[in-house]
Amino acid sequence: MSTKFNIHNFNFYFNGSPVLKDLNLDVTSNEILGVIGPAGSGKTTFLRSLNRMNELEAGIRTEGEILMDGQNIYDPEVDVAGLRKRVGMVFAMPVPLPMSIYENVVYGPRLSGISSKSRLDELVEKSLKEAFIWDEVRDRLKLSGLRLSGGQQQRLCLARVLAMKPEVILLDEPCSGLDPISTAKIEDALTVLKKEYTIILVTNNTKQAARVADKTAFFLMGEMIEVGLTRQIFTAPAKKETHDYITGRFG
Amino acid sequence: MRINPRHTQKGAVIILGGATILVLLILAFIIIFILEKGLPVVNLQFLSSKPRDLGRAGGIFPTIIGTIILPVVALLIATPLGVFTSVYLSEYTKETTLTKVIRFGTDCLAGIPSIIFGLFGYIFFVITLQMGWSILAGSLTLAVMVLPTIIRTSEEAIRAVPKVYREVSFSLGASGWQTVKKVILPNALPGIVTGVMLSIGRSIGETAAVIFTAGSSLRIPTTAFDSVRTMAVHFYILAREGISQENAYGTAATLIIAVLIINLTAYWLMNRFIARRG
Ligand SMILES: Nc1ncnc2c1ncn2[C@@H]1O[C@H](COP(=O)(O)OP(=O)(O)OP(=O)(O)O)[C@@H](O)[C@H]1O
Ligand SMILES: [Mg+2]
């Protein structure tokens, strides 16, 4: 098992106040890492540190390093757009771009300069299949992505990320607005996808982490309290805070 | 004493509805008044022949050319300049005192009377740059005049594009410019087109800024350095100097119909564009 990310003494500040404190964590390739923790504990900030999306915000500062395949992604030499192509992201709210389903999926590939129609068609079919939505949209790829249901939109967003052929997929509470069936479809997709991708799944639903994550990390007030095999975190956590959170006794 | 909400609701409906109807009535009155006086002289002959005897007789053909060419050239200059400026201001700069000053400046410029632009154009383009009374000087002056409107409306339209679209685009590995091109401009387009339409309307109806810079020649222009007369200027001269009331109203009626056609076409094009994007 190789390691995708090595995170060393990583600190993150919004306007001078620390949001991630001295984070040390290794993320293994081809696994699903679940990230749980109460609201405001820094889960989203952690995720957005891995593809440097936090930089769209003003007043941020980082310390320490995040190595991806051994290279520090905060190195000034790093091409940020290139990094984001390698580290795809699905947001909490499904956000199809206001264009057709087809155009949504090929948005990333087109940016990378792929323009052959047959190549794009192939990518669209493959990505939509991988996101478990192909059968629902195959006849209406020209339809606006905005016309899909919320659950379909979220799977479209997943397909759009897959079409970029990233190495890592970050998901920020991707099922928070979805019904159980759509949620199950996304979870099924993720368990298949981890064979090819490294997946980090932030979730508010601890049961979801228990169902799909290989390892789980627990965040609290900007600190990672503990990380370990999901089974162990949920049955025998080392820290009292973790135990309190997963048993729902957290205030 | 409290007034029953149902009565205030009724009152609001009457006041708001009344205001709307009043505005529509005034508008309809003006248009009907001018069309009624002007339409009888408008025919193919009137539109396609040259004026004779200073416009007392004959048609308005050269002024139609002038009315088309000045706003077209002006907008060809002002639209890219204005849109790029607004993209730069809203996407490439952080909100600072400088951008606030720039924004305040454009707002002030938008409120300056057009005759000031006319004088500026006369001194700068016509005299200093030695363009003379010409299509070029007139168009440049109109471009300067409508630039603030285009910048402001485009900026509003760009700001109205949801922030999450930018985030998604960046997260898929797009550069700032790719995001502007593929997401921001297409979504801001209806707003930008509205600004351009407003500007075309203002340019077509403009007299003060045009008289000082493009002159009022009745000859058909052959180069960018020839003087032209627009329909608005023609109307002004015919009416002001008492040359011909009928032909003045004929010109005005043509102008109104032209503006109507332009606006309808623009809305039609825009709706088609929006429908196609879904
Ligand atoms: N753009 C920002 N500017 C300033 N502070 C921010 C910004 N975004 C987040 N924060 C702060 O950082 C902290 C962590 O936020 P973050 O969004 O990472 O939490 P989270 O664990 O994802 O919470 P949730 O479960 O509610 O999504 C919070 O205290 C929040 O107020
Ligand atoms: Mg969050």
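**Figure 1. Just after helix H1 of chain A, A:Arg52 takes a positive phi of about 55°.** This view, like the others here, comes from a predicted model. Helix H1(A) itself spans residues 43-50 and is mostly covered, with 7 of its 8 residues buried. If you would like to find them one by one, the buried set consists of A:Lys43, A:Thr45, A:Phe46, A:Leu47, A:Arg48, A:Ser49 and A:Leu50. As for confidence, chain A has a mean pLDDT of 92, and 99% of its residues reach 70 or more. Among the elements of this chain, E8(A) has the highest mean pLDDT (96), while helix H10 (residues 240-246) has the lowest (89).

**Figure 2. Chain B and chain A bury about 1900 Å² between them.** Of that area, 63% lies on carbon and sulfur atoms. Three residues are good places to start looking: B:Ser171, B:Leu172 and B:Lys182 supply 33% of the area that chain B buries against chain A, more than any other three residues. How many residues does each chain bring to the contact? Chain A contributes 24 residues and chain B contributes 18.

**Figure 3. Salt bridges and polar contacts join chain B to chain A.** There are 2 salt bridges across this interface. In one that you can pick out here, the side chains of B:Lys163 and A:Glu57 meet with N to O at 3.5 Å. Counting polar contacts between the two chains gives 3 residue pairs, with both partners at pLDDT 80 or more. On the chain B side, the elements that give two or more residues to the touching face are helix H7 (163-171) and helix H8 (176-205). Helix H7(B) gives the most, with 8 residues. Sorted by class, this side of chain B has 7 nonpolar, 7 polar and 4 charged residues.

**Figure 4. A salt bridge between A:Glu167 and A:Arg86 links separate parts of chain A.** The closest N and O atoms of this pair are 2.8 Å apart. Where do the two partners sit? A:Glu167 lies in the loop between helix H6 (150-162) and strand E7 (168-172), whereas A:Arg86 belongs to helix H2 (residues 80-86), so the bridge ties together parts that are 81 residues apart in sequence. A:Glu167 counts as partly exposed, at 25% relative accessibility, and A:Arg86 is partly exposed at 25% as well.

**Figure 5. Two further salt bridges of chain A involve A:Asp214 with A:Lys194 and A:Glu63 with A:Arg61.** The side chains of A:Asp214 and A:Lys194 meet at 3.0 Å, N to O. This pair links distant parts of the chain, 20 residues apart: A:Asp214 is in the loop between helix H8 (206-212) and strand E9 (215-220), and A:Lys194 is in the loop between helix H7 (180-193) and strand E8 (198-202). A:Asp214 is partly exposed, with a relative accessible area of 23%. In the other pair, the side chains of A:Glu63 and A:Arg61 come together at 3.1 Å, N to O. Are these two residues buried or partly exposed? A:Glu63 is partly exposed at 31%, and A:Arg61 is partly exposed at 41% relative accessibility.

**Figure 6. A network of salt bridges in chain B links B:Arg103, B:Asp107, B:Arg152, B:Glu155, B:Glu156 and B:Arg159.** Over all chains, the structure holds 28 salt bridges. Side chains of opposite charge can pair when their charged atoms come close. For orientation, chain B has 11 helices and 2 strands, running from the N terminus as α-α-β-β-α-α-α-α-α-α-α-α-α. Its C-alpha atoms fill a box of roughly 65 × 60 × 40 Å along the principal axes.

**Figure 7. B:Thr251 is a buried residue in helix H11 (residues 245-277) of chain B.** Its relative accessible area is 0%. What does the side chain of B:Thr251 reach? The backbone oxygen of B:Asn247 lies at 2.6 Å from this side chain. Beyond its neighbours within four places in sequence, B:Thr251 is in contact with B:Phe46, B:Ile60, B:Met231, B:His234, B:Phe235 and B:Leu238. Across chain B, buried residues make up 40% of the 278 residues. Among contacts in chain B with a separation of 6 or more, 72% join residues 24 or more positions apart.

Technical notes:
Residues are numbered from 1 along each chain as its sequence is written. Chains are lettered from A and ligands numbered from 1 in the order in which they are written. Side-chain values use heavy atoms; hydrogens and water are left out. Buried means under 20% relative accessible area, exposed over 50%, partly exposed in between (1.4 Å probe, protein chains only). Helices (H or I, at least four residues) and strands (E, at least two) are DSSP runs, numbered from the N terminus. Contact means heavy atoms within 4.5 Å. Buried area is the accessible area (1.4 Å probe) that two parts lose on being put together, summed over both. A salt bridge is a side-chain nitrogen of Lys or Arg within 4 Å of a carboxyl oxygen of Asp or Glu. A polar contact is a pair of N or O atoms within 3.5 Å; within protein, one must be able to donate a hydrogen and the other to accept it, and residues adjacent in sequence count only if both atoms are side-chain atoms. Ala, Val, Leu, Ile, Met, Phe, Trp, Tyr, Cys and Pro count as nonpolar, Asp, Glu, Lys and Arg as charged, and the others, Gly among them, as polar. pLDDT is the predictor's confidence in each residue, from 0 to 100.
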